[in-house]
Amino acid sequence: MASMKHVLLFSRYLTIALTLFQSLISCFFNFPILIKIADSFLSLYFLVFCDLRPVTVDLDDGETTVHFWISGHRRISRPNLVMLHGYGGNSKWQFVHQVSDLSKSFNLFIPDLVFFGKSYTKNADRSVEIQARSIAGGLKKLGCDGTGRGRISVYSISYGGFVAYKMAEMWPEMMEKLVIVSSGVGFTQQQKTAEMRKHGGDCSKMLVPKTPMDLRMLVKISTNTGLTFVDWIPDFILSQFIAVMYEKNRQELLELAKNLLEREEAELHVISQKTLIVWGDKDKVFPLEHGYRLQRHLQNSRLEIIKETGHAVNVEAPSTLNNLITSFVLSV
């Protein structure tokens, strides 16, 4: 009798243990715990090794919040550099290969664009202008008001290039120099349509992946090497990345992309800032010919081409890109 009770008790405990184990496994595969941990380590890296601090700024419109990583110790001897990311995750994941080196030469201001990372707005506007106003508004609250030491230089890549160009146009007194990397600034609607056809038509879904296959395709198109290791990453990890980076604001991110891709642009304004244009010669998103076109449009600019590099120059050639940015911004 006692033996039977022990068996029943053991069976009950075993059932509880198996249920807990099953729940843990389910959590491991379905809840984005791995990417959450990786994201936390990136935050720690920014804090400890790059002397960057997280700051959240509420704008005067009462609708918009912009999250920044900024230099913990801003030195008067260093110029201010704003880093504007593109699609593909928040600012930490896109600039992780660059911030350590750049933080040694600049006072860094690294915002999450609106609906990326921790930046958000209740405003229904999905244009590049709302991004520019949000970033400029946040920078002004952080002391970058365009006077004295409050002037900035901006390094921007891809979608961030559209935002940076609009900022240069709207607040020329704020921005001294501009770096544009792999950005289709000034595309006509005809050019947008032609490029979208190459990638199957609706590029907004490609920019905001929903499945591991979508994410692998985005990486393949964005890089020259294709980052073949992505093919070996299990689907459940890629699904976790998608859940963390895209699911919360998926609809808003799609709307931003559609606005960018479908909006008929006015004639591109000629900005006054000295501009460095950087392009990968194997860019499949915005082919190199568009870099030459932008350079011809901006007489106060120069074009640097990085060989054997695709659209994601920040991932494939971060050291070369950092050297170009540093020498350009620090030059008198």
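Helix α2 runs through residues 33-49, and in this predicted model its length fits expectation nicely: at 1.5 Å a residue, its 17 residues should span 24 Å, and the C-alpha atoms at its two ends are indeed 24 Å apart, so the two values agree. Just after α2 comes D51, a residue with a positive phi, near 55°.

The helix shows two faces. The buried residues of α2 are I35, D39, L42, S43 and F46. Around the helix axis these residues cover an arc of only 100°, which means that they lie on the same side of α2. A feature of helices in general helps here: an α-helix has 3.6 residues a turn, so residues three or four places apart point the same way. On the other side of α2, the exposed residues are F41, V48 and F49.

It is then worth asking what covers the buried residues of α2. The cover includes the strands β1 (52-58), β2 (64-71) and β4 (107-111). Helices contribute as well, among them α3 (91-95), α4 (99-102) and α10 (235-247).

Stepping back to the whole protein chain, the model contains 14 helices and 9 strands. The chain has 332 residues, of which 50% count as buried. Among contacts with a separation of 6 or more, 74% join residues 24 or more positions apart. The accessible surface of the protein chain comes to about 16,300 Å², and carbon and sulfur atoms account for 58% of that surface.

Definitions and conventions
Residues numbered from 1 in each chain as written. Predicted model: local features only at pLDDT ≥ 70, side-chain atom pairs only at ≥ 80, totals over all residues. Heavy atoms only, no water. Helix = DSSP H or I, 4+ residues; strand = E, 2+ residues; numbered from the N terminus. Buried < 20%, exposed > 50% of the residue type's maximum accessible area, 1.4 Å probe, protein only. Contact = heavy atoms within 4.5 Å. Areas by Shrake-Rupley, 256 points an atom, 1.4 Å probe, with all protein chains shown as cover. Expected span 1.5 Å × (residues − 1). Arc of directions from axis to C-beta.
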